[in-house]
Amino acid sequence: TNDAFAKLDAGKLAAGRANPGQLKQLLSYHVVSGRPDAAALVAAPLTTAEGTTLTLTRDANGLSMDGMLLGNGEPMQVGNANVYVVDMVLLPAGLR
């Protein structure tokens with residue numbers, strides 16, 4: 001969301017705009033193959049389009065990764081995809 005990008009460090013955002021490869025890496029870190037439902041997100045690790053393996057957890061507060069709350073974990077069905085709104089921009093290790 002725009003709010004998530006507004007929370008991102010301005011230097012990281014500027015670097016992504018200036019380097020299309022970094023921007024592609026950042027965006028593809030937010031995409032997984034298939035159409036996982038809410039249960040599948042936490043059933044097994046997920047591999048992003050960028051190539052990183054992520055492990056997500058779910059509790060009463062919502063969906064989390066590495067202790068960071070990502071959102072409520074409920075998908076929006078959009079065309080042929082399930083979209084999960086997260087409240088922050090996730091950074092792959094190479095861009096942190």
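## Getting to know this predicted model

Me: In this predicted model, the side chain of Ser 28 has a polar atom that lies 3.3 Å from a backbone oxygen; which residue does that oxygen belong to?
Reply: Start from the side chain of Ser 28, and look for the backbone oxygen 3.3 Å from its polar atom. A polar contact needs the two atoms within 3.5 Å, and this pair is listed at 3.3 Å. The residue that supplies the oxygen is Gln 25.

Me: Okay, and which helix is Ser 28 in?
Reply: Look at the stretch covering residues 20-28, where Ser 28 has its place. Gln 22 is placed in that helix too. The helix is α3.

Me: Is Ser 28 buried or exposed?
Reply: The cut-off for buried is under 20% relative accessible area. Ser 28 has a value of 16%. So Ser 28 is buried.

Me: Which residues does Ser 28 touch, once its neighbours within four places are left aside?
Reply: Set aside the neighbours within four places in sequence, and you're left with a short list for Ser 28. Those contacts are Thr 48, Ala 49 and Glu 50.

Me: How accessible is Gln 22, over in α3, and what does that count as?
Reply: Partly exposed covers what lies between under 20% and over 50%. Gln 22 comes out at 27% relative accessibility. So Gln 22 counts as partly exposed.

Me: How far is Gln 22 from Leu 46 in space?
Reply: Along the chain, these two are 24 residues apart. For contacts, leaving aside neighbours within four places, Gln 22 has Ala 15, Gly 16 and Leu 95. Between the C-alpha atoms of Gln 22 and Leu 46, the separation is 21 Å.

Me: Now Leu 91: is this residue buried or exposed?
Reply: Leu 91 sits in the segment after β7. Buried means under 20%, and Leu 91 has 18% relative accessibility. So Leu 91 counts as buried.

Me: What does Leu 91 touch, not counting residues up to four places away?
Reply: Leu 23 is 68 residues from Leu 91 in sequence, with 11 Å from C-alpha to C-alpha. The contact list for Leu 91, however, gives other names. They are Leu 8, Lys 12, Leu 26, Tyr 29 and Arg 96.

Me: Moving to the strands, in which sense do β3 and β4 pair?
Reply: Strand β3 covers residues 57-59 and β4 covers 62-65, with a hairpin of 2 residues joining them. Arg 58 stands opposite Leu 63 in β4. The pairing runs over 3 bridges, and its sense is antiparallel.

Me: And which residue in β5 stands opposite Leu 63?
Reply: Strand β4 is also joined to β5 (residues 68-71) by 3 bridges, and these two run antiparallel. In their hairpin, with 2 residues between the strands, Asp 66 takes a positive phi near 50°. Opposite Leu 63, in β5, you'll find Gly 71.

Me: Zooming out, what pattern does the chain follow along its sequence?
Reply: There are 4 helices and 7 strands in the chain. Read along the sequence, they give α-α-α-α-β-β-β-β-β-β-β.

Me: So what is the radius of gyration of the chain?
Reply: For 96 residues, the globule rule gives 12 Å, and the chain's value is close to that, so it is as compact as a globular protein of that length. The C-alpha trace spans about 35 × 25 × 25 Å along its principal axes. The radius of gyration is 13 Å.

Methods. Residues numbered from 1 in each chain as written. Predicted model: local features only at pLDDT ≥ 70, side-chain atom pairs only at ≥ 80, totals over all residues. Heavy atoms only, no water. Pairing = 2+ DSSP bridges. Buried < 20%, exposed > 50% of the residue type's maximum accessible area, 1.4 Å probe, protein only. Polar contact = N/O pair within 3.5 Å; in protein donor to acceptor, adjacent residues only side chain to side chain. Contact = heavy atoms within 4.5 Å. Rg over C-alpha atoms; globule rule 2.2 N^0.38 Å.
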